Amino acid sequence: MTRCSCAIASPSVDEALAALIDTAPTLDTTEVALHAALGRTLARTIRAPRAYPPFNRAMMDGYAARHAELGDGNPGNAAALRVRPASDSDHSAPHPLPAGHCAAIATGAPLPPGADVVLRRERVNVSAGWLHVIEPASPWADCETVGAVAMPGAPILSSGTILTAGHLSLAARHGLATLPVRRAPRVAVLVTGDELIPPGEPCPPGSIHDSNSILLQATLTRLGAEVVGPAAPLADHLPTLEAAVRRQLADADVVCLIGGSSVGTRDFGRALLTRVGTTLFEGVSMRPGRPTSAAATPDGKLVIALPGRPAALLTALQVLVRPLLEAMQSSAAATPAPCARLVSPIGPMNAARYLPVRLECRDGTWWTLEQDVEAEYADALAVIPAHRTLDASTPVNLIALR
Ligand SMILES: Nc1nc2c(c(=O)[nH]1)N[C@H]1C(S)=C(S)[C@@H](COP(=O)(O)OP(=O)(O)OC[C@H]3O[C@@H](n4cnc5c(N)ncnc54)[C@H](O)[C@@H]3O)O[C@H]1N2
Ligand code: MOO
């Protein structure tokens, strides 16, 4: 691996990330249909527009009755109740329950006024229009009272929640068809390299196929971004790159420039950052992904120059761009990092290391199966802190790759 020749200390991953997050533009709010809200971040707390459930209801199939009419709880003393014939209106507005009667009821149906218990079908005997209790029930057994789940105005979803299928169904049950979500961050992708050919086209000698565009596009899509581009790879030519970045800055919140991030004679990433904004950092103390650099534009947007080497790009995306986009979209607390035990020891390095690993679960514990595999085959990146020697079986945090 090439070692850094630069004398100035690079920021740590945490410092670089803090600089990115502090500079990132705030995303405005947009109201979207429930199906479009999956995985998006709720922009404000939602309160129940009405009580839920909206009526007292049965939670089991059986018979609605008045508890006071069931006797003393001893099945031998239980009163017989006359079974009221079923009525078509039972679901919309059930008739009040006459004294000495019970009424057949389905799970979820409104209780007839007067009823305060549901007797499960399998716990009673019914014959010739009369019901006999065979197991005692307490008041309001197998019933749910109006507002038991949420009273009107109760908070049902908190601002900053990343919306799951369950959250969407919760909004729907309260009658909501849309939700306010944070707008997806718009991320423009520009790929540079004279040697790059789009996949599907013949590759002349000395050229290689562009595999970073799809890596970036897929990763950013997974992270909830609206991805602009990538177009065909751009030439390693500073004025061309600057014009392309400026064009994208008109619309995008973040512009990612891939390739040319290092110190070669045709690496223009760092020069470009100084032309379009104020450099936040030049290089990060991490392996791989070290040449990653970033700038803030005068109107508060971000331009990030990412390494062209595919394994370095994959790592920088997971370690820096992923938490940046998560922070831009959500104020919710970070989810805990998964972890696994190392199958073999790791020696110290002078920078944080992100080791691509394959994983396996043995007897309920996750272990690395192979360490330092090709990043593209990895299940996760194992986070190895700088200057640490880790023995076999030490637990390490993981960045799971999806
Ligand atoms: N003298 C030094 N050389 C290098 C240093 C250094 O500190 N001093 N850093 C090294 C590190 S670390 C990395 S990582 C790379 C980063 O290189 P660049 O971002 O400048 O990327 P390129 O030079 O454009 O390409 C590197 C490598 O990756 C391939 N590549 C580029 N783009 C794509 C793409 N879209 N699809 C597939 N493959 C791509 C490219 O062909 C090269 O093989 O710099 C080290 N050098
Ligand atoms: O080797 Mo570089 O550190 O890939 O980023």
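**Close-up views of a predicted model**

**View 1. Arg-309 reaches ligand 2 with its side chain.** One polar side-chain atom of Arg-309 lies 2.5 Å from an oxygen atom of ligand 2. Such a polar contact is a pair of N or O atoms within 3.5 Å; within protein, one must be able to donate a hydrogen and the other to accept it, and residues adjacent in sequence count only if both atoms are side-chain atoms. This is a predicted model: local features need pLDDT of at least 70, side-chain atom pairs count only at pLDDT 80 or more, and totals for chains, interfaces and linings use all residues. Residues are numbered from 1 along each chain as written, chains are lettered from A and ligands numbered from 1 in the order written, and side-chain values use heavy atoms, without hydrogens and water.

**View 2. Backbone atoms also meet ligand 2.** A backbone N or O atom of Gly-289 lies 2.4 Å from a ligand 2 oxygen. For Arg-290, a polar backbone atom is 3.1 Å from an oxygen of ligand 2. The residues around this ligand are Pro-288, Gly-289, Arg-290, Pro-291, Arg-309 and Ala-312. To be near, a residue needs a heavy atom within 4 Å of the molecule or strand.

**View 3. Ligand 1 has polar partners in Glu-195, Asp-210 and Gly-308.** Glu-195 places a polar side-chain atom 2.8 Å from an oxygen atom of ligand 1. Asp-210 places a polar side-chain atom 2.8 Å from a nitrogen atom of ligand 1. Gly-308 uses a backbone N or O atom, 2.8 Å from an oxygen of ligand 1. The protein covers 74% of the 880 Å² of accessible area that ligand 1 has on its own (Shrake-Rupley method, 1.4 Å probe; for residues, only the protein chains shown count as cover).

**View 4. A shell of 21 residues surrounds ligand 1.** The closest are Glu-195, Asp-210, Ser-211, Ser-261 and Gly-308. Strand 15 (208-209) and helix 6 (310-329) each supply at least two residues of this shell. Helices (H or I, at least four residues) and strands (E, at least two) are DSSP runs, numbered from the N terminus.

**View 5. Model confidence varies along the chain.** The protein chain has a mean pLDDT of 92, and 95% of its residues reach 70 or more. Residues 1-7 fall below 50, and this stretch has 6 contacts in the model beyond near neighbours in sequence. Here pLDDT is the predictor's confidence in each residue, from 0 to 100; contact means heavy atoms within 4.5 Å.
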